[in-house]
Amino acid sequence: MSEVGLTVSAGRSYDLAVSIAVTVTVPEGIVLAADSASTVMAPEGVLNVYEHVTKIAQIRMPRENKGLPIGAVAVGAGAIGTRNVQSLLAEFNLTLREDETTAEDLDPKTVSKLLLRFLSDRAVTVTPGMSPAQLMVAVCGYGTNRFLPEQWRFTVPTDEKPARYREPLQDGQ
């Protein structure tokens, strides 16, 4: 984790915890990468730094026991309430079974919508009356019978719908 000191024009100094996530898409594939540190903050400062946190997940269809060519990477808040991001992403994969969703129904945009709703619901129920820290998520991958990757992003709790992060590559580019 990188610690950065920031000074603003009013002369105040702040310590920032920095998370890094990278998504790279090329016609032949997608790369998702993130640092592995998570900082637990309190009003008085840093409480703890966990150095081996998983911030990347492959979207899986438990009922069909297969992974999809779709992944998610999360940065920002390391948890919603007492649940860490890794735990929430694992639970999201299990909810796909309950929705009677099939792998053919899912593309990165649909996964983004479902994941945003899932995480937003948790942010409301886990932290009632509080403003949770922002969790930024990028969902990247391929839809059924699509040959070029897509990237979508959203922030919990502020976004109501995912936004396309980048227009998909076109053939020959």
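The following exercises, each with a worked solution, concern a predicted model of a protein.

**Exercise 1. The overall make-up**

Task: State how many helices and strands the protein contains, and what percentage of its residues are buried.

Solution.
Step 1. Count the elements: the protein has 2 helices and 13 strands.
Step 2. Consider burial: of the 173 residues in the protein, 35% are buried.
Step 3. Turn to the contacts with a separation of 6 or more: 53% of them are accounted for by residues 24 or more positions apart.

**Exercise 2. The largest nonpolar core**

Task: Determine how many residues form the largest nonpolar core, and which elements give two or more residues to it.

Solution.
Step 1. The largest nonpolar core consists of 27 residues. Within this core, the residues with the most contacts are Leu-115, Leu-119, Leu-135 and Val-137.
Step 2. Two or more residues come from each of the strands β7 (56-61), β8 (66-76), β11 (135-141) and β12 (150-156), and from each of the helices α1 (85-98) and α2 (108-126).
Step 3. The element that gives the most to this core is α2, with 7 residues.
Step 4. Take Leu-135 as an example. When its neighbours within four places in sequence are left aside, Leu-135 is in contact with Ala-74, Val-75, Ala-77, Ile-80, Val-85, Leu-119, Phe-154, Thr-155 and Val-156.

**Exercise 3. A charged residue in a loop**

Task: Decide whether Asp-35 is buried or exposed, and identify the residue whose side chain makes a polar contact with the side chain of Asp-35.

Solution.
Step 1. Locate the residue: Asp-35 is in the loop that runs between β4 (29-34) and β5 (38-42).
Step 2. Apply the cut-off: buried means under 20% relative accessible area. Asp-35 has a relative accessibility of 17%, and therefore counts as buried.
Step 3. Examine the side chain of Asp-35: there is a polar contact of 3.1 Å with the side chain of Lys-55. In addition, a polar atom of the Asp-35 side chain lies 3.3 Å from the backbone nitrogen of Ala-37.
Step 4. List the surroundings: with residues up to four places away in sequence not counted, Asp-35 touches Val-18, Ser-19, Ile-20, Val-53 and Lys-55.

**Exercise 4. The second largest pocket**

Task: Describe the second largest pocket by its volume and by the residues that line it.

Solution.
Step 1. The space in the second largest pocket is about 240 Å³.
Step 2. Its lining has 14 residues, and those nearest the centre of the pocket are Ala-21, Val-75, Val-137, Ala-138 and Tyr-165.
Step 3. Two or more lining residues come from each of β3 (21-26), β8, β11 and β12. Strand β12 supplies the largest share, 4 residues.
Step 4. Sorted by type, the lining comprises 10 nonpolar residues, 3 polar residues and 1 charged residue.

**Exercise 5. A residue of strand β12**

Task: Establish whether Gln-151 is buried or exposed, and which side chain is joined to that of Gln-151 by a polar contact of 2.6 Å.

Solution.
Step 1. Gln-151 belongs to strand β12.
Step 2. Gln-151 counts as buried because its relative accessibility is 2%.
Step 3. The polar contact of 2.6 Å joins the side chain of Gln-151 to that of Thr-23.
Step 4. Among the residues that Gln-151 touches, apart from those up to four places away in sequence, are Thr-25, Val-139, Cys-140 and Tyr-165.

**Exercise 6. Residues distant in sequence**

Task: Give the separation in space between the C-alpha atoms of Val-26 and Leu-148, and of Gly-143 and Pro-69.

Solution.
Step 1. Val-26 is placed in strand β3 and is partly exposed, with a relative accessible area of 38%. Its C-alpha atom is separated by 7.9 Å from that of Leu-148, although the two residues are 122 residues apart along the chain.
Step 2. Gly-143 is in the loop between β11 and β12 and, at 8% relative accessibility, counts as buried. Gly-143 and Pro-69 are 74 residues apart in sequence, and their C-alpha atoms are 7.7 Å apart.

**Exercise 7. A peptide bond**

Task: State which form, cis or trans, the peptide bond from Val-156 to Pro-157 takes.

Solution.
Step 1. Pro-157 lies in the loop between β12 and β13 (163-166).
Step 2. The omega angle of the bond from Val-156 to Pro-157 is near 15°, and the bond is cis.
Step 3. For context, most peptide bonds are trans.

Note on methods:
Residues numbered from 1 in each chain as written. Predicted model: local features only at pLDDT ≥ 70, side-chain atom pairs only at ≥ 80, totals over all residues. Heavy atoms only, no water. Core = buried A, V, L, I, M, F, W, Y, C linked by side-chain atoms within 4.5 Å. Buried < 20%, exposed > 50% of the residue type's maximum accessible area, 1.4 Å probe, protein only. Contact = heavy atoms within 4.5 Å. Polar contact = N/O pair within 3.5 Å; in protein donor to acceptor, adjacent residues only side chain to side chain. 1 Å grid on protein atoms, 1.4 Å probe; cavity = no way out; pocket = protein on both sides within 12 Å on 5 of 7 lines; lining within 4 Å. Points joined across faces, edges and corners; volume = space filled by probe spheres on them. Nonpolar A, V, L, I, M, F, W, Y, C, P; charged D, E, K, R; others polar.
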